[in-house]
Amino acid sequence: MPTPNSVLIIGAGIAGFTIAEQIIRHQQRLAVTIVGATDERAQRVSFWRDRSRSSALTLPGAQSWSAWSFNTPKLGFSLQRGKTLEYVSFDARSYKAHLTDSLQQAGVRLIDDLVKSVQKRSQGFHVETSQGPIEADVVIDTRPPALPESTLKQQFVGRTLTTQSPHAIAHPVLMDFNIAPIAPNGISFIYALPLSDTRLLIEATTFSYATLAQEPYEKAIDEWIQAHLPAVELTPNNEVEQGILPMGPVTPRQVELLSAGLAGNAARHATGYAFTGIMRQAEYFAEALRTGQGLTTIQPYSARSRWMDSLFLDLMRDNPAHLIQLFEAMAHSLTGDDFAHFLSDTGGWTPCLRTIVAAPKRPFLAALWKRL
């Protein structure tokens with residue numbers, strides 16, 4: 001392809017801003033434009049990172065933990081510690097506000113608008129918005145995809161709480177399965193994130209093919225608070241976040257465009273974690289534009305991890321209880337670093353093989369036999 005001079009990114013969310021920042025960092029001569037409606041939703045983003053490696057990525061107000069826990073019906077609470085990897089969480093609104101300032105200073109054009117249509121031409125693209133047309137050599141589409149009914153979905157509702165006294169939850173609780181089921185034919189759990197000694201994010205989450213109203217999630221949160229924070233007085237706080245993440249195939253808005261973010265399979269199918277995939281997509285586009293490579297929609301996770309994810313989804317499809325048993329075995333048997341490497345698709349085959357060894361044998365071998 002001819003050397004591009006202009007890049008238009010559709011979507012002003014986490015993926016769009018992260019990709020723009022990486023492109024400008026490596027290729028300042030490019031004219032970069034982001035077109036998308038301002039997103040002011042409450043949203044926290046979490047992922048694992050290696051403490052021993054420096055990163056140029058700025059995450060305002062990010063918090064990190066070297067330990068995290070699980071609560072399962074059979075084994076109760078299990079605590080994992082990471083020696084080299086840490087769990088990181090940051091506020092998406094602060095992140096986007098920071099990047100808005102830095103991108104504008106670098107000359108990136110931000111247009112608060114929706115894209116009406118995109119047409120491929122012999123040279124570049126013609127993009128229609130309500131504020132007028134835009135011509136671009138490259139278009140990267142980060143708009144949310146359509147989720148087929150056959151795709152497993154991670155649906156969550158979260159509430160931020162402020163307590164009058166310290167709540168004593170020191171580590172993130174990644175999965176507490178000891179709650180009443182929320183979705184039929186799915187799995188349900190609570191995710192608890194200690195934002196400070198007196199602030200907590202409590203999320204009720206399901207893995208299910210169906211989507212539900214907000215009320216049963218709110219009920220699950222209330223019941224968890226009553227069970228785990230009975231003596232803690234809460235200050236009313238109406239900040240609620242909610243969302244649906246794909247855990248399987250998605251349908252981009254326009255399949256002929258370069259896709260990134262959730263539309264580009266940034267969400268890991270077995271877990272729904274997406275920020276690691278977004279960072280890999282951003283690094284790919286930045287490097288490809290810098291070196292003049294042909295651009296394509298990349299798969300941000302290895303064939304190894306996608307194969308493992310397919311086994312997870314088979315377990316879920318055959319019997320959701322089998323997936324709970326697998327997470328229970330991983331929480332109890334894997335080291336913190338192995339668990340984090342597995343979910344981050346790092347560390348090669350070692351964390352995958354250790355997961356296979358730890359997995360409940362009968363359902364896992366049945367799923368493996370189907371794949372083979």
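Here is a walk through this structure, from one helix to a few loops, some charged pairs and a helix crossing. Keep in mind that the model is predicted.

Let's start with helix H1, which runs over residues 14-26. How far apart should its ends be? With 13 residues at 1.5 Å a residue, H1 should span 18 Å, and its end C-alpha atoms are in fact 19 Å apart, which agrees. Now look at what surrounds this helix. Eleven of the 13 residues of H1 are buried, so the helix is largely enclosed by the rest of the structure. If you want to find the buried ones, they are Ile-14, Ala-15, Gly-16, Phe-17, Thr-18, Ile-19, Ala-20, Glu-21, Gln-22, Ile-23 and Ile-24.

Let's zoom in on one residue of that helix. Thr-18 sits in H1, and its relative accessibility is 1%, so it counts as buried because buried means under 20%. Which residues does Thr-18 touch, once you leave aside its neighbours within four places in sequence? The contacts are Tyr-95, Leu-99, Phe-275, Ile-278 and Ala-282. Take Tyr-95 from that list: Thr-18 and Tyr-95 are 77 residues apart in sequence, yet their C-alpha atoms are 9.5 Å apart in space.

You can play the same game with a residue in a loop. Glu-256 belongs to the loop between strand S18 (240-246) and strand S19 (258-259). Is Glu-256 buried or exposed? With a relative accessible area of 53%, Glu-256 is exposed. Count along the chain from Glu-256 to Leu-295 and you cover 39 residues, while in space the two are 12 Å apart, C-alpha to C-alpha.

Next, the charged pairs. How many salt bridges does the structure hold? There are 15 of them. One joins Arg-41 to Asp-39, with the closest N and O atoms 2.8 Å apart. The two partners sit in different settings: Arg-41 is partly exposed at 48% relative accessible area, whereas Asp-39 is buried at 17%. This pair also belongs to something wider, since Asp-39, Arg-41 and Lys-96 are linked in a network of salt bridges.

Another salt bridge connects Arg-121 with Glu-135, and here the closest N and O atoms are 3.9 Å apart. Arg-121 is in the loop between strand S9 (115-120) and strand S10 (125-129), while Glu-135 is in strand S11 (residues 132-136), so the pair ties together parts that are 14 residues apart in sequence. Both ends of this bridge are partly exposed: Arg-121 has a relative accessibility of 39%, and Glu-135 has a relative accessible area of 48%.

Then there is the bridge between Arg-304 and Asp-345, where N and O are 3.0 Å apart. This pair links distant parts of the chain, 41 residues apart: Arg-304 is in helix H5 (residues 303-318), and Asp-345 is in the loop between helix H7 (336-344) and helix H8 (350-358). Are these two buried or exposed? Arg-304 and Asp-345 are both buried.

Since we have reached H5, follow it to its meeting with another helix. Two packed helices are described by the angle between their axes and the distance between the axes. For H5 and helix H9 (residues 361-371), the axes come within 9 Å and cross at roughly 115 degrees, and the crossing is right-handed. On the H5 side you'll find Trp-307, Met-308, Ser-310, Leu-311, Asp-314, Leu-315 and Asp-318, and these meet Pro-363, Phe-364, Ala-367, Leu-368, Lys-370 and Arg-371 in H9. What kinds of residues make up this contact? By class, there are eight nonpolar, one polar and four charged residues.

Finally, have a look at the backbone in two loops. Most residues other than glycine have a negative phi. Ala-168 is not a glycine, yet its phi is positive, about 70 degrees. Ala-168 is in the loop between strand S13 (153-163) and strand S14 (173-176), and it is exposed, at 74% relative accessible area. Asn-185 also has a positive phi, about 55 degrees, without being a glycine. Look for Asn-185 in the loop between S14 and strand S15 (187-196), where it is exposed with a relative accessible area of 68%.

Methods:
Residues numbered from 1 in each chain as written. Predicted model: local features only at pLDDT ≥ 70, side-chain atom pairs only at ≥ 80, totals over all residues. Heavy atoms only, no water. Salt bridge = Lys/Arg side-chain N within 4 Å of Asp/Glu carboxyl O. Buried < 20%, exposed > 50% of the residue type's maximum accessible area, 1.4 Å probe, protein only. Helix = DSSP H or I, 4+ residues; strand = E, 2+ residues; numbered from the N terminus. Expected span 1.5 Å × (residues − 1). Axes fitted to C-alpha atoms, helices over the stretch in contact; angles between N-to-C directions. Left-handed = near helix turned anticlockwise from the far one by under 90°. Contact = heavy atoms within 4.5 Å. Nonpolar A, V, L, I, M, F, W, Y, C, P; charged D, E, K, R; others polar.
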